[in-house]
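Me: Could you walk through this one with me? I'll jump between topics as things catch my eye.

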Amino acid sequence: MKKSFLLILAGVLARQVLVASEPEVSLRVLPERDLIYNGGSREVIVQVELQARKPDRGHRVPMNLALVLDRSGSMQGAKIEKARQAAAVAVDQLDDDDILSLVIYDNETEVLLPPARVGGKGNREELKSTIDRIRPGGGTALHAGVTVGARELRKNFAKERVNRVILMSDGIANVGPSRTSDLVKLGRDLREDGIAVTTIGLGDDYNEDLMTALAESSSANYYYVKDAEKLPGIFSEELGVARSLLAREVTIRITVPEGVRLREIVGRPEIECRGRSAAITVPELFGAEKRRFLVKCAVEEKRSEPLEVASIQLGYETAEGKRAADQAQTAQVKFTDDAPKSEASLRPEVAREMSVTRNREAKERAVKLADEGRPQEAAKVLREQITANVAAPAAAQLPALVEENRKLQSAADEISGAGSLSKSSRKAVQFDNYKDKYQKQSR
């Protein structure tokens, strides 16, 4: 009996040591193919993947949360009811020492719950009772709502906390600053202050460009919720993710040697390549989160010897603010004058990621063209992408690509027939693009 107990204890301790030694974020670097064809463009795609580990059981980062809820007239009925339920879910999920504030807005903003500790059961019931009194009103002062929510967060801002605004709206901002550029600036300013804004668009009447831009510019999440019934679940999901914060200030540094050109981070035009280097920043990574970036390089001259085509360095801080040990990897390729051998060395994993990215770029271009009143050009972009998908190497083909082609064809047909996408179709396309860009869905 004693021997069995000691064996079990040894196993538990070994697992604890393994978890403790595992980095919060792991780096993995893969070239698209091992053999580069000298007779072609000598283009090399390098996939850089970050994988956050699963958080330890009981891992909960303290929160400073501001809920900013739209109570405009369009929120009448089931929408306002589910919004109240979602806010109540937030109260239940937070710890006693977490900070919560609640801002509601229509034409004006109102701080319904000033920032304070959530506290025990009695206090939670009082908070829910206050939330239950929210009633719909007039217009949509979205910019002001977020600004006030951020102001309330700043009163208890602490780097060791997750400082987050969750914004929910079902309508178009029509009071105060309402251009997408206004919200992008607001999001960037808040991000610089360590505050992120998760946006939740409800129904089909809100401005998806604005809501996506605000979330992206502040490095948070965006949700398209067509059915109000799903609101409480979305709030629960978002809070669960936020509590699992593992790394902050994540930086990927990419350098290429002389004789290699660093062309772009595929599908991410906002990330600038300067000379032979580029830097990618990810403000936060959460438990089990995976992020991939595709780096396009080109070797300038024919070669016979293997080449380390790119060097990748990863650095970050832990959730507690400690500097983690840097990680570094290189992508090495060989060269061949045999084109079929080069094709045979293609890595399916990276080829599939390229297909996903190219599909997203095609949909982004098509939506832009349709918005500009050029529906036939938009439909052509989508159909050409279907053709490219069908012609892709066998390694890039997978069941999900068949479904993606179906979606592309459906969007092309809708644009050709109606001259544009419907409100719901446009939101669905954009939400899919967002999830693909930030790997928010499994593939």
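Me: What share of the contacts between residues at least 6 apart in sequence join residues at least 24 apart?
Reply: In this predicted model, 77% of the contacts between residues at least 6 apart in sequence join residues that are at least 24 apart.

Me: And what does the radius of gyration come to, against a compact globule?
Reply: The protein has a radius of gyration of 24 Å, which agrees with the value near 22 Å that a compact globule of 443 residues would have. Along the principal axes, the C-alpha trace spans about 75 × 75 × 45 Å, and 51% of the 443 residues count as buried.

Me: How many helices and strands are there?
Reply: The secondary structure comes to twelve helices and 16 strands.

Me: Let's do a sheet. What is the strand order in the open one with β14?
Reply: That open sheet has four strands in the order β1-β3-β14-β11, and their pairing is antiparallel. Its edge strands are β1 (25-31) and β11, each of which pairs on one side only, and from one strand to the next the twist averages 25 degrees.

Me: How many bridges hold each pair?
Reply: Going through the sheet, β1 and β3 pair over seven bridges, strand β3 (residues 43-52) and β14 over nine, and strand β11 (residues 260-265) and β14 over five. As points to click on, Pro31 stands opposite Val46 in β3, Gln47 has Leu294 in β14 as its bridge partner, and Arg261 stands opposite Ala298 in β14.

Me: Is β14 itself mostly covered or mostly open?
Reply: Strand β14, which runs over residues 290-299, is mostly covered, with eight of its ten residues buried. As a general point, the side chains of a regular strand alternate between the two faces of the sheet.

Me: Switching to helices: at what angle do α9 and α11 pack?
Reply: Helix α9 (residues 348-371) and helix α11 (residues 399-418) pack at an angle of about 10 degrees, with their axes 12 Å apart. Since angles under 35 degrees count as roughly parallel, that makes α9 roughly parallel to α11.

Me: Which residues meet there?
Reply: On the α9 side they are Ser355, Asn359, Lys363 and Ala370, and these meet Leu401, Glu404, Leu408 and Ile415 in α11. Sorted by class, the contact has four nonpolar, two polar and two charged residues. In general, an α-helix has 3.6 residues a turn, so residues three or four places apart point the same way.

Me: What about Asn389, where does that sit and what does it contact?
Reply: Asn389 is in helix α10 (residues 375-391), and leaving aside neighbours within four places in sequence, it is in contact with Asn359, Gln397, Leu401, Asn405 and Leu408. Of those partners, Asn359 belongs to the α9 side of the helix contact we just discussed, and Leu401 and Leu408 belong to the α11 side.

Me: Buried or exposed?
Reply: Asn389 is buried, because its relative accessible area is 2% and the cut-off for buried is under 20%.

Me: Now α6. Which of its residues are buried, and what do they pack against?
Reply: Helix α6 (residues 208-217) is mostly covered, with eight of its ten residues buried, namely Glu208, Leu210, Met211, Thr212, Ala213, Leu214, Ala215 and Ser217. These buried residues pack against α4 (142-154), β7, α5, β8 (196-202), β9 (222-225) and α12 (423-437).

Me: You mentioned α5. Which residues does Arg191 touch?
Reply: Arg191 lies in helix α5 (residues 180-192), and apart from residues up to four places away in sequence it touches Ala196, Ser217, Ser218, Ser219, Pro283 and Glu284. Ser217 is one of the buried residues of α6.

Me: Why does Arg191 count as buried?
Reply: Its relative accessibility is 16%, and since buried means under 20%, Arg191 falls on the buried side of the cut-off.

Me: Last one, Met168 in β7: what surrounds it?
Reply: Met168, which has its place in strand β7 (residues 162-169), counts as buried at 0% relative accessibility. Not counting residues up to four places away in sequence, Met168 touches Val68, Leu69, Asp70, Met75, Ala83, Tyr105, Ile200, Leu202, Leu231 and Phe235.

Me: And how far is Leu113 from it?
Reply: Met168 and Leu113 are 16 Å apart in space, C-alpha to C-alpha, and 55 residues apart in sequence.

Terms used. Residues are numbered from 1 along each chain as its sequence is written. This is a predicted model: local features need pLDDT of at least 70, side-chain atom pairs count only at pLDDT 80 or more; totals for chains, interfaces and linings use all residues. Side-chain values use heavy atoms; hydrogens and water are left out. Helices (H or I, at least four residues) and strands (E, at least two) are DSSP runs, numbered from the N terminus. Buried means under 20% relative accessible area, exposed over 50%, partly exposed in between (1.4 Å probe, protein chains only). Contact means heavy atoms within 4.5 Å. Two strands pair if DSSP finds at least two bridges between them. Axes are lines fitted to C-alpha atoms, for helices over the stretch in contact, and angles run from 0 to 180 degrees between N-to-C directions. Angles under 35 degrees count as roughly parallel, over 145 as roughly antiparallel, 65 to 115 as roughly perpendicular and the rest as oblique. Ala, Val, Leu, Ile, Met, Phe, Trp, Tyr, Cys and Pro count as nonpolar, Asp, Glu, Lys and Arg as charged, and the others, Gly among them, as polar. The radius of gyration is taken over C-alpha atoms; the globule rule is 2.2 Å times the number of residues to the power 0.38.
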